[in-house]
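Dear colleague,

I am passing on to you the structure that we spoke about, and I would be grateful if you could look through it with the notes below at hand.

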Amino acid sequence: MSISEIPLLIAAIITTLFYIYAVIISLLENEKRAALISALSGIILSGFFFVLYYYPELFFQGAATIFPLVFFAGVLVFLFPIQWRLKYPYQTPKHKIDERDIMFSRRSLIAGTAKYKEYYNKHSDKEKLDNIFRKNPGLLEKGSTYYDRFLFNAAKSSFDAIGALRGLVNGPVNQNVEKVDQVEITRFIKKWAVKLGACNIGITELKDYHKYSVVGRGADYGKPVELNHRYAIALTVEMDKTLIDTAPLASETLETSHKYLKSGEIAVQIASFIRRLGYEARAHIDGDYRVVCPLVARDAGLGDIGRMGLLMTAGQGARVRIAVVTTNLDLDIDRNKIEHSMTEFCRICKKCASTCPGNAISKNEMQEIDGVTRWQINQEKCFTYWSRSGTDCGRCIAVCPYSHSDNFFHNLVRFGIKYNPLFRRVAVIMDDVFYGKKPKMKSIPLKMKY
Ligand code: SF4
Ligand code: SF4
């Protein structure tokens, strides 16, 4: 073997190993289409390099040098980190959100009651829209498209358990204050949260725009939000990909309800721990929020809010559930800045918008909404679909390229998307080729089939 043949041999070996790895990963992820395409492209590319290596006479002179060089140059062009920090203005909403305007609050309004009249007298435009979802069976209700008596009742049971947790979000504060070191206690809370099952955790100062203006759910409905804490701890819990991939089937809602519970459990424990040390703390869990969790999580450096309106983390995309703890305990805040490459990717991608069965996600450019340039989903359309399907859908989460598993293969793609604008464009096409432009809904995995 001459020295000039070494790059060719390296290219042949790298492509072979990479494609074998891609096939194995795809099979493990139950992505048969991706496995088949990886196998075919592996055979073609590696095969080409090996033929070139063993039978150079079949090609023009110099091919054995030129092709591997083209290959390495291509890898370099697409994966070389050339965009370390995207410059986006740091924008914050000008006004607080009234929680009574969110769909979960609106669906709790019963026609004929004083609450119902009071709300729709002020928001007559919303009554018409809401009467559309009210004509459908409703979330986790019999008669809906994906009704499954076991899975629906199992999801309801998780929500029952969350209901029990709500009694623990707040509580008495120990009067014997434990003096703690800011850095040490922050480190402990973060490590403990991970031990309890969190996958991302970050800390930010609590800002006014993080808080709802008025409570929209539970016994305090209609009361102004009073929360004088200085810090917010945001944490996420990963949702099982195999179950999310079944969206919008009931198995998806089984998983979301479970992870609402899991994230709530962790937040409640952290809040209780802080109160035991002698500092105020409140957990914000499903159905009992005083803060807008995705906004807090974004500012705590956990990710960015994408086209589908959900927080997208670097490792799991939107395949997470969030909970927050607010407190007066001095904590070391994360100076980690917002991950804007996700916004850039969303601009090109639009996969969630093309796939959304409720037609609720915009394909247009971002718009300025209350001082922030962003996308906004049509929450009425989304919730109407939920009320018809009976599940919380999640199709947008399932198809999002950021939702792929957290492993070397997908993290290599995430690296390219983050740092290389050229690769971002290629990644959108590759995701369509490997997983489908409109990925098919997966069937319920064996572990939850009965
Ligand atoms: S599917 Fe694409 S456009 Fe939608 S949130 Fe994910 S990355 Fe953004
Ligand atoms: S949850 Fe379903 S209906 Fe709602 S935005 Fe996502 S894909 Fe559309």
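What follows is an account of what was found, taken up by region. Please keep in mind throughout that this is a predicted model.

The two ligand sites

Ligand 1 occupies the space that forms the largest cavity, and its shell consists of Arg307, Met308, Met312, Phe345, Cys346, Cys349, Lys350, Lys351, Cys352, Cys400, Pro401 and Tyr402. Sorted by class, that shell holds 9 nonpolar and 3 charged residues, with no polar ones. Helix 12 (341–349) and helix 13 (351–355) each contribute at least two residues to the shell around ligand 1, and helix 12 gives the most, with 3 residues.

Around ligand 2 one finds Cys356, Pro357, Gly358, Ile361, Cys382, Trp386, Cys393, Gly394, Arg395 and Cys396. Helix 14 (379–389) and helix 15 (395–399) are the elements that give two or more residues to this shell, which by class comprises 7 nonpolar, 2 polar and 1 charged residues.

Two helices checked for length

For helix 1 (residues 6–28), a rise of 1.5 Å a residue over its 23 residues leads one to expect a span of 33 Å, and the C-alpha atoms at its ends are indeed 33 Å apart, so the expectation and the model agree. Its buried residues are Leu8, Ala11, Ala12, Thr15, Tyr19, Ala22, Val23, Ile25 and Ser26, and these pack against helix 2 (32–54), helix 3 (63–79) and helix 16 (408–419). In reading that list it may help to recall that an α-helix has 3.6 residues a turn, so residues three or four places apart point the same way. Just after helix 1, Asn30 takes a positive phi of about 60°.

The same reasoning holds for helix 10 (residues 250–276), whose 27 residues should span 39 Å and whose end C-alpha atoms are 39 Å apart, which agrees. Helix 10 is mostly covered, with 21 of its 27 residues buried, and just after helix 10 comes Gly278, with a positive phi of about 105°.

Two buried strand residues

Ile233, in strand 2 (residues 231–238), has a relative accessible area of 0% and is therefore buried, the cut-off being under 20%. Setting aside its neighbours within four places in sequence, Ile233 is in contact with Ile189, Ile201, Gly202, Ile203, Ile270, Ile274, Ala323, Val324, Val325 and Leu331. Ile233 and Ala300 are 67 residues apart along the sequence, yet their C-alpha atoms are 7.5 Å apart in space.

Thr327, which belongs to strand 6 (residues 320–327), is likewise buried at a relative accessible area of 0%. Not counting residues up to four places away in sequence, Thr327 touches His229, Arg230, Tyr231, Ile274, Glu280 and Ala281, while its C-alpha atom is separated by 36 Å from that of Pro248, 79 residues away along the chain.

Backbone points to look at

The peptide bond from Ala247 to Pro248 is cis, with omega near 10°, and Pro248 is found in the loop between helix 9 (241–244) and helix 10. Leu140, in the loop between helix 6 (124–134) and helix 7 (149–165), has a positive phi near 60° although this residue is not glycine, and at 6% relative accessibility Leu140 counts as buried. Asn359, in the loop between helix 13 and strand 7 (367–369), also has a positive phi, near 55°, but at 52% relative accessibility Asn359 counts as exposed.

With best regards

Terms used: Residues numbered from 1 in each chain as written. Chains lettered and ligands numbered in written order. Predicted model: local features only at pLDDT ≥ 70, side-chain atom pairs only at ≥ 80, totals over all residues. Heavy atoms only, no water. Helix = DSSP H or I, 4+ residues; strand = E, 2+ residues; numbered from the N terminus. Expected span 1.5 Å × (residues − 1). Buried < 20%, exposed > 50% of the residue type's maximum accessible area, 1.4 Å probe, protein only. Contact = heavy atoms within 4.5 Å. Near = heavy atom within 4 Å. 1 Å grid on protein atoms, 1.4 Å probe; cavity = no way out; pocket = protein on both sides within 12 Å on 5 of 7 lines; lining within 4 Å. Sits in = over half its atoms within 2 Å of the grid points. Nonpolar A, V, L, I, M, F, W, Y, C, P; charged D, E, K, R; others polar.
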